[in-house]
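Q: Hi, could you walk me through a protein model? I'm new to this, so plain words please.

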Amino acid sequence: IGHKDLEDAIDDHDRVTLYRILTQFEESGVIHKVLDNSGVTKYALCNDECETGHHEDEHLHFECEKCGKTYCIEGVEIPQPSMPGTFKPRDYYLLVKGDCGKCY
C-alpha cells in the first residue's frame, strides 16, 4: 500500500505523525518498503523472520504494468549479488514487471 493510500484511508490525520509511525514500524520489522518504478514509497507487511533493526525480506516484487499494483512474491529464489572489492550490501531488491493474474 502506498503512503498516499494510507493518508486517504484515514479521515483525520497528521502527515508527520503517519510518517513517524511508518518509520517506526519499518525499524521494528513490522513493515518493509517496496520499491517499484512508480516513484511512490509503498509498504508491505514483513515476514516472521524480520525483527528490530534487521529485515529478512529479500524476495521478489512484481509490478503489474496494467493495473499498477505491486505484489510481494515469496518462494522464488533470488541469488545474492556478488559485489566487488569492499562493497558490502545490506539489502537488495528484485522487481519483475508484467501483467498480474487479474489483468492477464
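A: Below we go through this structure step by step, starting with the overall layout.

Q: What kind of model is it, and how are residues numbered?
A: This is a predicted model, where local features need pLDDT of at least 70, side-chain atom pairs count only at pLDDT 80 or more, and totals for chains, interfaces and linings use all residues. Residues are numbered from 1 along each chain as its sequence is written, and side-chain values use heavy atoms, with hydrogens and water left out.

Q: Okay, how many helices and strands are there?
A: The protein has 2 helices and 5 strands. Both terms refer to DSSP runs numbered from the N terminus: helices are H or I with at least four residues, strands are E with at least two. Starting at the N terminus, the order is α-α-β-β-β-β-β.

Q: What box do the C-alpha atoms fill?
A: Along the principal axes, the C-alpha atoms fill a box of roughly 50 × 40 × 25 Å.

Q: And how much of the protein is buried?
A: Of its 104 residues, 28% count as buried. Buried means under 20% relative accessible area, exposed means over 50%, and partly exposed is in between, using a 1.4 Å probe and protein chains only.

Q: Which strands make up the open sheet?
A: The open sheet has 3 strands in the order S4-S3-S5, with mixed pairing. S4 and strand S5 (94–98) are the edge strands, each pairing on one side only. On average, neighbouring strands in this sheet are turned by 25 degrees against each other, direction ignored. That angle runs from 0 to 180 degrees between N-to-C directions, with axes being lines fitted to C-alpha atoms (for helices, over the stretch in contact).

Q: What does "mixed" look like strand by strand?
A: Strand S3 (residues 60–64) pairs with strand S4 (residues 70–73) in the antiparallel sense over 4 bridges. S3 and S5, on the other hand, pair in the parallel sense over 5 bridges. Two strands count as paired if DSSP finds at least two bridges between them. Strands of a sheet pair through backbone hydrogen bonds, either parallel or antiparallel.

Q: Which residues sit across from each other?
A: His61 has Cys72 as its bridge partner in S4, and Glu63 has Thr70 there. Leu60 stands opposite Leu94 in S5.

Q: Is S3 mostly covered or uncovered?
A: S3 is mostly covered, with 5 of its 5 residues buried. Leu60, Phe62 and Cys64 point one way, while His61 and Glu63 point the other way.

Q: What's going on between S3 and S4?
A: Their hairpin has 5 residues between the strands, and Gly68 takes a positive phi near 85 degrees there.

Q: Does anything from elsewhere meet that Gly68? What does Lys42 touch?
A: Lys42 lies in strand S2 (residues 42–45) and counts as buried because its relative accessibility is 15%. A polar atom of its side chain lies 3.4 Å from the backbone oxygen of Gly68. The side chains of Lys42 and Thr70 are also joined by a polar contact of 3.4 Å. A polar contact is a pair of N or O atoms within 3.5 Å; within protein, one must be able to donate a hydrogen and the other to accept it, and residues adjacent in sequence count only if both atoms are side-chain atoms. Leaving out residues up to four places away in sequence, Lys42 touches Ile1, Gly2, His32, Lys33, Val34, Asp36, Gly68 and Thr70. A contact here means heavy atoms within 4.5 Å.

Q: New topic: which residues make up the largest nonpolar core?
A: Leu6, Leu18, Leu22, Ile31 and Tyr43 do, 5 residues in all. A nonpolar core is a set of buried Ala, Val, Leu, Ile, Met, Phe, Trp, Tyr and Cys residues joined through side-chain atoms within 4.5 Å.

Q: Last one: how many disulfides are there, and why doesn't Cys100 bond with Cys64?
A: The count comes to 0 disulfides, a disulfide being a pair of cysteine sulfur atoms within 2.5 Å. The closest cysteine sulfur to that of Cys100 is in Cys64, and it is 3.7 Å away, so it is too far for a bond. Cys100 counts as buried at 6% relative accessibility, whereas Cys72 counts as partly exposed at 32%.
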